[in-house]
Amino acid sequence: MTIGSLKQAKEKKSQKNKQAVVDEQSPLLPTKHKEDAGFDEFDGASFSGAVFNLSTTIVGAGIMALPATMKSLGLIPGIAMIIFMAFLTEASIELLIRFSRTSKSASYGGLMGDTFGKYGKMLLQICILVNNIGVLVVYMIIIGDVLSGTNSSGVHHAGVLEGWFGTHWWNSRFFILLVTTLGIFAPLASLKRIDSLRFTSALSVALAVVFLVVTVGITIFKLMNGTILMPRLFPDVYDITSFLKLFTVVPVLVTAYICHYNVHSIENELEDSTQIRAVVKSSLALCSSVYVLTSLFGFLLFGDATLDDVLANFDTNLGIPLGSLLNDVVRVSYAAHLMLVFPIVFYPLRLNLDGLLFPSARPLTCDNLRFASISSGLIAIIFLGANFIPSIWDAFQFTGATAAVCVGFIFPASVTLRDRYGIATKKDKILCIFMIVIAVFSNVVAIYSDAYSLIKKNSSPSE
């Protein structure tokens, strides 16, 4: 066999792998069409690019909430839960991939449509819209808070640019977010292939590692000086309310690992789509390692003073040399990280909205006017939300976590239990029942806990 024939055989294998997952009616796939010649010239995404894109999908704002889970659960159960949720996420994605290939569905939406019909597909699309719009609004709010400052309970927290240059019109929240939107979000969101974001994804992961390295360094320095107290290893449970409150961390952990809506898009751009399982495992291993280390050292550093968003802890005096500089490094690197995560989360949001509004239209990548209109409209909505309704944080944190639980566990489990093609094992079905029970129970408890806290907070002044 000659070198030329070997190359031809490899190309045929790659094309065969891609053809096995083609579903032109799926809204989550930038499908190849003959009339889209430019897109057909794409030779396939690399393994490393796919890992970075999926890792960036996973590591968003959730990383900042994880140290607070240590405060709720204690160090040992908290780390165990982060690792457990990584395995559970891998299991749910494996079910998606397996059933997608059996049904020849090229996307999550296609699989839901094949299993539950058009209403199942629409339900998934709505959940992704709720989750991703909420997440992106929160990202933009955080970026505004970090760079231009924020007011909380009558106290003004200066932003990085305000601290460096003082208060000016050009470092106000509106102007900073406008420049960020036009200069960063819009150009990156205009890319039609998710693989085009592989370099920004790699940089995004690197910035998350910068935050981790600085946190680890500060913690080790304070440990050597003996200024860190022994952390709580287990949760404080003294009544039924405190026990039920432990389950409120589950939606946070689910949100931290949600990436299911991008798995099919990444798989369909891989040169060899059979690598998707290895991509998922590598991404989850990388992200869970970052999560464990961030949670461990973040909780060691701040202890019971750890806030729900640990980034807020870096707005105070760390009590170390160059503490102010390190605070700025952490906050700026995290804001830049979120800027680069934005287009990865925006990509499936745009495709799902297009699939919901124009289910019978030709692929979005083939219609420049529709592509530009949907992209511009979504970016404008997110921009306005971040500027004019910043209290949306709590509401979208709640709705996003609820939608994320559906996308991450309830829908994959439902597809498996429906088992239209008879490929689910008894072990699969037991696992899926467990997923649904823990997802529904934890969300009910979270809703109860949040509602109880809100009622108690609103009634306390009148007492």
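## Close-up views of a mostly helical chainThe accessible surface of the chain comes to about 20,900 Å², and carbon and sulfur atoms contribute 66% of it. Please keep in mind throughout that this is a predicted model.

**Figure 1. The whole chain, with 17 helices and two strands.** Let us start with the overall picture. Of the 463 residues, 53% count as buried. Among contacts with a separation of 6 or more, 81% are between residues 24 or more positions apart.

**Figure 2. Helix 4 and its neighbours.** Helix 4 spans residues 66-73 and is mostly covered, with six of its eight residues buried. The buried residues are L66, P67, A68, T69, M70 and L73. They pack against helix 5, helix 11 (249-257) and helix 13 (276-302). Look just past the end of helix 4 and you will find G74, which has a positive phi of about 90°.

**Figure 3. Two loop residues with positive phi that are not glycines.** K104 has a phi of about 55°, and D419 has a phi near 45°. K104 belongs to the loop between helix 5 (75-102) and helix 6 (108-148), while D419 is in the loop between helix 16 (392-418) and helix 17 (426-459). Buried or exposed: which word fits K104, and which fits D419? K104 is exposed, with a relative accessible area of 56%, whereas D419 counts as buried at 12%.

**Figure 4. A stacked pair of phenylalanines, F185 and F342.** Seven aromatic pairs are present in the structure. In the one shown here, the ring centres of F185 and F342 are 3.9 Å apart and the planes make an angle of 15°. F185 sits in helix 8 (residues 173-189) and F342 in helix 14 (residues 323-357), so this pair ties together parts that are 157 residues apart in sequence. Both partners, F185 and F342, are buried. Do include F346 in your view as well: ring pairs join F185, F342 and F346 into a cluster.

**Figure 5. An edge-to-face pair, F211 and F314.** The ring centres of F211 and F314 lie 5.9 Å apart with their planes at 70°, so the pair is edge-to-face. F211 comes from helix 9 (residues 198-224) and F314 from the loop between helix 13 and helix 14, so parts 103 residues apart in sequence are tied together. F211 and F314 are both buried.

**Figure 6. K192 over the ring of F371.** Here a charged side chain meets an aromatic ring. The charged end of K192 sits over the ring of F371, at 5.4 Å from its centre.

**Figure 7. V445 and its contacts in space.** V445 is part of helix 17 and is buried, with a relative accessible area of 6%. Leaving aside residues up to four places away in sequence, V445 touches L244, F247 and T248. Try placing K245 in the view too: V445 and K245 are 200 residues apart in sequence, yet their C-alpha atoms are 7.3 Å apart.

**Figure 8. Cysteines without a disulfide.** Why do C127 and C406 not form a bond? The sulfur of C127 is 4.6 Å from that of C406, its closest cysteine sulfur, and this is too far for a bond. The count of disulfides comes to zero. C127 is buried, with a relative accessible area of 11%. C432 is also worth a look: this cysteine is buried, with a relative accessible area of 0%.

Conventions:
Residues are numbered from 1 along each chain as its sequence is written. This is a predicted model: local features need pLDDT of at least 70, side-chain atom pairs count only at pLDDT 80 or more; totals for chains, interfaces and linings use all residues. Side-chain values use heavy atoms; hydrogens and water are left out. Helices (H or I, at least four residues) and strands (E, at least two) are DSSP runs, numbered from the N terminus. Buried means under 20% relative accessible area, exposed over 50%, partly exposed in between (1.4 Å probe, protein chains only). A disulfide is a pair of cysteine sulfur atoms within 2.5 Å. Contact means heavy atoms within 4.5 Å. Accessible areas come from the Shrake-Rupley method with a 1.4 Å probe; for residues, only the protein chains shown count as cover. Rings of Phe, Tyr and Trp (its six-membered ring) pair if their centres lie within 6.5 Å; planes under 30 degrees apart count as stacked, over 60 as edge-to-face and the rest as tilted. A charge sits over a ring if NZ of Lys or CZ of Arg is within 6 Å of the ring centre and within 35 degrees of the ring normal.
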